[in-house]
Amino acid sequence: MEPQLLHGVADGIATVVIHHPAKRNAMTARMWRDLPPLLGRLAPDPAVRALVLTGEGAHFCAGADISTLGEPGEDTRSLAVAAEDALAAFPKPTLAAVRGSCVGGGCQLAAACDLRFAEEGARFGVTPARLGIVYAASSTRRLASLVGPATAKYLLFSAELIDTERALRTGLVDEVLPAGELDARVARFARVLVSRSQLTQAAAKEFAAGPDERETYGEERDTYWTEQARGSGDTAEGVAAFLERREPRFSWTAS
């Protein structure tokens, strides 16, 4: 099978698989290009309430397929940033399930997800300094926001790989699972995400991300989400379900 992004939707969860096992799931230029439109199709789908990004087999993603960097007319750095930005902008919760290599562009994609669960033995690194590539400003800010300026500088300056223990300690990953337990834990947690209020998740995702340079941000967004909550009925349903000791049936959708 040629290098590609595989995907499927089941029980409210979209799963996107980076499939290039011959090169530890390194992303080709075509795969970078394919990710934003794929996410664009999944985002408005009412059957999708959360997204899991993972790699085929033993690795998450070893970065960019260097053999494609020299293709005429290709700007792999821009393609990678566009893919990362599309993932960060996905309107529903995203979770990276990481095993093996999560390096370079792979770490870039994982950092763009809302959450990251990793299997013991995974290795993380941000490696543009090995190739003389300037890491994009947006990617640098996202990494620094996630792990702090000191760890971001350590990763970017040195291009050294770190293990799951350090990744967990610095906030690069949220949970570390023993070998063989990652898939089951991700499936359980994804079901939790699907069961929760999309209204709460969407507002929290926006507020946590903060404004970009183009936005006026403040009370108007609080007002917008307050009005969304008032009109959705989700709050009343959540309270009623709590009092009646049942699972809530939330109706607000990000689409």
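A residue counts as buried when its relative accessible area is under 20%. In this predicted model, Leu 155 has a relative accessibility of 1%, so Leu 155 is buried. Leu 155 sits in helix H5, which covers residues 149-158. Which residues does Leu 155 contact, once neighbours within four places in sequence are left aside? The contacts are Val 126, Leu 143, Glu 160 and Ile 162. Phe 124 lies 31 residues away from Leu 155 along the chain, yet the two C-alpha atoms are separated by 9.1 Å.

Phe 124 also appears in the largest nonpolar core. This core has 46 residues. Ile 18, Leu 51, Leu 53, Phe 60, Leu 109 and Phe 124 touch the most other members. Several elements give two or more residues to the core, among them strand S2 (13-19), strand S3 (50-55) and strand S4 (94-98). The helices that do so are H1 (29-42), H2 (76-88), H3, H4 (137-147) and H5. Helix H1 supplies the largest share, with seven residues. A second core is separate and has 13 residues, including Val 52, Phe 117, Leu 177 and Leu 182.

Leu 109 shows how distant parts of the chain meet in the largest core. Residues up to four places away in sequence are not counted here. Leu 109 then touches Ile 18, Met 27, Trp 32, Leu 35 and Leu 53. It also touches Ala 83, Glu 84 and Leu 87.

Helix H3 spans residues 105-112. It lies across strands S5 and S7, and runs at about 85° to S5. These two strands belong to an open sheet of three strands, in the order S5-S7-S8. The pairing in this sheet is mixed. Strands of a sheet pair through backbone hydrogen bonds, either parallel or antiparallel. S5 (101-103) and S8 (162-163) are the edge strands, and each pairs on one side only. S5 and S7 (residues 123-125) pair in the parallel sense, over three bridges. Within the sheet, Val 103 stands opposite Gly 125 in S7.

Helix H9 has 14 residues and covers positions 219-232. How far does H9 reach from its first C-alpha to its last? The span is 20 Å, close to the 20 Å expected at 1.5 Å a residue. Gly 233 follows H9. The phi of Gly 233 is positive, near 80°.

Definitions and conventions: Residues numbered from 1 in each chain as written. Predicted model: local features only at pLDDT ≥ 70, side-chain atom pairs only at ≥ 80, totals over all residues. Heavy atoms only, no water. Pairing = 2+ DSSP bridges. Helix = DSSP H or I, 4+ residues; strand = E, 2+ residues; numbered from the N terminus. Contact = heavy atoms within 4.5 Å. Axes fitted to C-alpha atoms, helices over the stretch in contact; angles between N-to-C directions. Expected span 1.5 Å × (residues − 1). Buried < 20%, exposed > 50% of the residue type's maximum accessible area, 1.4 Å probe, protein only. Core = buried A, V, L, I, M, F, W, Y, C linked by side-chain atoms within 4.5 Å.
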